[in-house]
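Biologist: I would like to learn how to read a protein model step by step, beginning with empty space and then moving on to strands and single residues. Could you take me through it slowly?

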Amino acid sequence: MFCSSSLSSSSFFLSSLSHSPHFQFLFKRSSMSTINLKVHAFAGNPLRSKTSKPTDLYSPISALETLKTHLLNNTHEDSSPNFKVLPFKKGKPLASSSESIDTSSPPFWHLGWITLADCKWFWESSDDLLSEDLFVYLGSDQDKDVIYWAIDILGDSVSIRELRDKKLCFVELRTLMVATDWADSRAMGELAVAGHARALLEWHNVSRFCGHCGGKTVPKDAGRRKQCSKEECKKRVYPRVDPVVIMLVIDRENDRALLSRQSRYVPRMWSCLAGFIEPGESLEEAVRRETWEETGIEVGEVIYHSSQPWPVGPSSMPCQLMVGFFAYAKSLEIHVDKEELEDAQWHSREDVRKALTFTEYEKAQKTAAAKVDQMCKGVEKGGTSDGTEMPLKEPDSMSNL
């Protein structure tokens, strides 16, 4: 979707151009002669910090005890420290939108943080009990005296009218990613927070039972882990990470890159090869195996580029970790596995340069930002009856090569 290129004297890196859940590796588009290693979607979470001591007021354990006290007392008073809660529904975070001071700039989105009192109000009309087990600890900001939580709304606790009155809407995380100005550190930080929260909540949803004995699992450490509820088992379960390799396969001699496409891609869209790491193999071995299996190309040297979290894959894989590599081809004849790919071709440096030059990233960002703004204002188009947003359609302007 968003790309970065490395067009040095010997090689270039092209990130995945596919806007789909199938193995992307996203970088901010940079100049055509440099590598941008610093800007990655869903990385750089400002709430991730060193673990506090259990006795610290901002630690997960202490924060959970304070939360429990306020829920049991059924008070609407602000807690100290203050609690901010980010609700999710069907994997979508709550968001709001604000007009830019510069009228020529698109609106910008914010995460829809609510107070604990708001959270209780949302649950008043629900048959579900609002308990501390529903909250997941995200982190804290001691300078602002704030502790941040996420919560998954599984039922119909929040109606579309209540959201519209507050100019809030549940928005696809992918849409927020496209709507984000990657030069805006605030927005990138909020995107990382939302990605972290979604990964944890989805993991809770798919780990309701112990894989060892089948007993029900219960949250521990403010949702940072789970444990089997059976006294004879008590197996601990930690959030899972699904590692994926994604690689730019390079023909050094002819200065070309190997890109592939699947049948579900929009026209002219090509992507780097990628695949899950199998048990018992190294990252480098996974790069070579996946390249050989899908294209019949033999890879020799493998060089690490960088990595990033990818929390927008299928809910059954709550958080992929994309690990990017340069991979140098030892053979050049392509034999495509038609069950995996529709096509794979070598693309010259000039082809890739043109594709990156004419891709309308700014237009796609403005379009997505306007979509979020319309949803938060209660515009019916693109919405659903439960106040959530329909999946973002791939803009034609993002087609490449």
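Biologist: What volume does the second largest pocket have?

Modeller: Please keep in mind throughout that this is a predicted model. The general idea is that rolling a probe the size of a water molecule over the atoms shows where empty space is left. In this case the second largest pocket comes out with a volume of about 410 Å³. Its lining is made up of 15 residues, and those closest to the centre of the pocket are D133, L134, R208, P219 and K226. Helix 5 (185-206) and strand 8 (217-220) are the elements that give two or more residues to this lining.

Biologist: How do the lining residues of the second largest pocket divide into nonpolar, polar and charged?

Modeller: Seven of them are nonpolar, three are polar and five are charged.

Biologist: Strand 8 has come up already, so which sheet does strand 8 belong to, and what is the order of the strands there?

Modeller: Strand 8 is part of an open sheet of three strands, whose order is 8-9-10 and whose pairing is antiparallel. The edges of this sheet are strand 8 and strand 10 (236-237), each of which pairs on one side only. Strand 9, which covers residues 225-228, is joined to strand 10 by two bridges, and within that pairing Q227 has R236 as its bridge partner.

Biologist: Which strands pair with strand 2?

Modeller: Take the partners one at a time, beginning with strand 1 (residues 82-89), which pairs with strand 2 in the antiparallel sense over two bridges. K89 and K92 are bridge partners in this pair, and in the hairpin, where two residues stand between the strands, K90 takes a positive phi near 55°. Strand 7 (residues 169-170) also pairs with strand 2 in the antiparallel sense, again over two bridges, while strand 3 (residues 108-111) does so over four bridges. A95 is a helpful residue to find on the screen, since A95 stands opposite C169 in strand 7 and also opposite L111 in strand 3.

Biologist: Why is strand 2 described as largely enclosed by the rest of the structure?

Modeller: The reasoning rests on burial, and a residue counts as buried when its relative accessible area is under 20%. Six of the seven residues of strand 2 (residues 92-98) are buried, and therefore the strand is largely enclosed by the rest of the structure.

Biologist: Can we try that cut-off on a single residue, and is S140 buried or exposed?

Modeller: S140 has a relative accessibility of 12%, so it counts as buried. This residue lies in strand 5 (residues 135-141), and, leaving aside residues up to four places away in sequence, S140 touches L47, Y58, V146, I147 and Y148.

Biologist: Where is V312 found, and is V312 buried or exposed?

Modeller: V312 is found in the loop between strand 14 (299-310) and strand 15 (320-329), and with 8% relative accessibility V312 counts as buried. The C-alpha atoms of V312 and A199 are separated by 8.2 Å, although these residues are 113 residues apart along the chain.

Biologist: How many disulfides does a search of the whole structure find?

Modeller: In general, a disulfide is a covalent bond between the sulfur atoms of two cysteines. Here the search of the whole structure finds zero disulfides. Two of the cysteines can still be read for burial: C272 counts as buried at 4% relative accessibility, and C319 counts as buried at 14%.

Methods:
Residues numbered from 1 in each chain as written. Predicted model: local features only at pLDDT ≥ 70, side-chain atom pairs only at ≥ 80, totals over all residues. Heavy atoms only, no water. 1 Å grid on protein atoms, 1.4 Å probe; cavity = no way out; pocket = protein on both sides within 12 Å on 5 of 7 lines; lining within 4 Å. Points joined across faces, edges and corners; volume = space filled by probe spheres on them. Nonpolar A, V, L, I, M, F, W, Y, C, P; charged D, E, K, R; others polar. Disulfide = S-S within 2.5 Å. Buried < 20%, exposed > 50% of the residue type's maximum accessible area, 1.4 Å probe, protein only. Pairing = 2+ DSSP bridges. Contact = heavy atoms within 4.5 Å.
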